[in-house]
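This briefing covers backbone geometry at selected loop positions and the features of one helix. Please read it alongside the structure.

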Amino acid sequence: MSRQITSVDPSVKKRFDLTGRVCLITGGAGFLGVQFAEGIAESGGLPVLLDVSDEALSGAAKTVAAWGPCEIERADVADRESLNAAVGRVLARHHRIDVLINNAALTKYGCDADPETFFAPFESTSPMVWEAGMRVNLTGVAQACQAVGPAMIRQGGGSIINIGSDIGVISPDQRIYEPDEHGYPGMPFNSPAFYSVSKAAVIHLTKHLATLWAKHEIRVNAFSPAGVYRDHDPAFVAKLADRIPLGRMGAINEYKAAIVFLASDASSFMTGHNLVMDGGRSIW
């Protein structure tokens with residue numbers, strides 16, 4: 001059935017406004033999750049940070065509070081019962097969830113394997129590491145969508161943002177990590193294969209859900225950022241930057257505005273899209 005509209009609010013400022021909207025962020029205590037929450041809070045929304053660590057959540061909430069009110073929920077996206085209970089508590093308090101940002105991802109800190117096992121070469125990857133990564137990065141996203149989707153259907157719409165990655169679109173350039181004549185000692189690529197594979201799958205899950213739920217006015221988009229500079233080895237940064245048209249890595253707070261765009265009415269005619277923000281790397 002056609003739902004044609006002839007115009008939208010002409011105020012750009014109002015279309016970016018998130019006042020009154022409840023925004024659930026999985027992996028909300030992570031360094032990008034906190035940035036996303038700050039952007040949501042500054043735009044008037046209520047970020048609800050969901051993560052597995054009470055201590056990390058407490059610290060993240062204090063940081064985000066400088067930008068506006070926020071709430072926290074402890075849950076594991078890989079544990080369906082835990083996740084459903086947390087979503088239920090949010091709905092009991094607010095009776096709606098307007099935005100879901102699927103940001104949770106497995107790192108060496110959240111895996112039971114030791115760092116050497118976690119970062120093992122692909123040919124000797126532990127099945128435990130592979131399965132744990134896929135369970136958090138892919139199944140966790142699907143389960144969060146399953147938990148929140150019915151509420152969005154009942155309320156007549158919402159925005160889901162699944163966090164992908166530039167290496168879910170292109171392959172990691174292994175040459176960047178090799179020793180060179182300028183003295184860079186080299187290092188193994190620091191994301192196991194499950195990360196690239198799971199992020200590629202998240203991008204396609206985004207497209208599937210976008211067509212499935214469009215009739216309910218639920219927009220489902222992906223956001224794929226590139227690596228963020230966090231005091232990396234200067235020689236490594238130089239090698240990576242040489243493969244990026246803009247000549248640098250992303251800044252830690254550079255992605256906030258893109259998340260607000262996808263969460264708000266500013267992107268009201270966008271669904272099933274993967275917004276890549278990588279300094280142009282993927283166009284080469």
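A residue counts as buried under 20% relative accessible area, as exposed over 50%, and as partly exposed in between. Glutamate 217 has a relative accessible area of 43%, so it is partly exposed. The model is predicted.

**Positive phi in loops**

- Most residues other than glycine have a negative phi.
- Glutamate 217 departs from that sign: its phi is near 65°.
- Glutamate 217 lies in the loop between α7 (193–213) and β6 (218–225).
- Histidine 95 is not a glycine either, yet its phi is positive, at about 65°.
- The loop that holds histidine 95 runs between α4 (80–94) and β4 (99–102).
- Histidine 95 has a relative accessible area of 65%, which is over 50%, so this residue is exposed.

**Helix α6: span and bend**

- Helix α6 covers residues 127–155, 29 residues in total.
- At 1.5 Å a residue, α6 should span 42 Å.
- The end C-alpha atoms of α6 are 41 Å apart, which agrees with the expected span.
- α6 nevertheless bends by about 40°, and the bend is at threonine 139.

**Helix α6: the two ends**

- At the start of α6, serine 126 makes a side-chain to backbone approach.
- A side-chain oxygen of serine 126 comes to within 3.1 Å of the backbone nitrogen of methionine 128.
- Glycine 156 sits just after α6 and has a positive phi of about 90°.

Conventions. Residues numbered from 1 in each chain as written. Predicted model: local features only at pLDDT ≥ 70, side-chain atom pairs only at ≥ 80, totals over all residues. Heavy atoms only, no water. Helix = DSSP H or I, 4+ residues; strand = E, 2+ residues; numbered from the N terminus. Buried < 20%, exposed > 50% of the residue type's maximum accessible area, 1.4 Å probe, protein only. Expected span 1.5 Å × (residues − 1). Bend = angle between axes of the 7 residues up to and from the residue. Polar contact = N/O pair within 3.5 Å; in protein donor to acceptor, adjacent residues only side chain to side chain.
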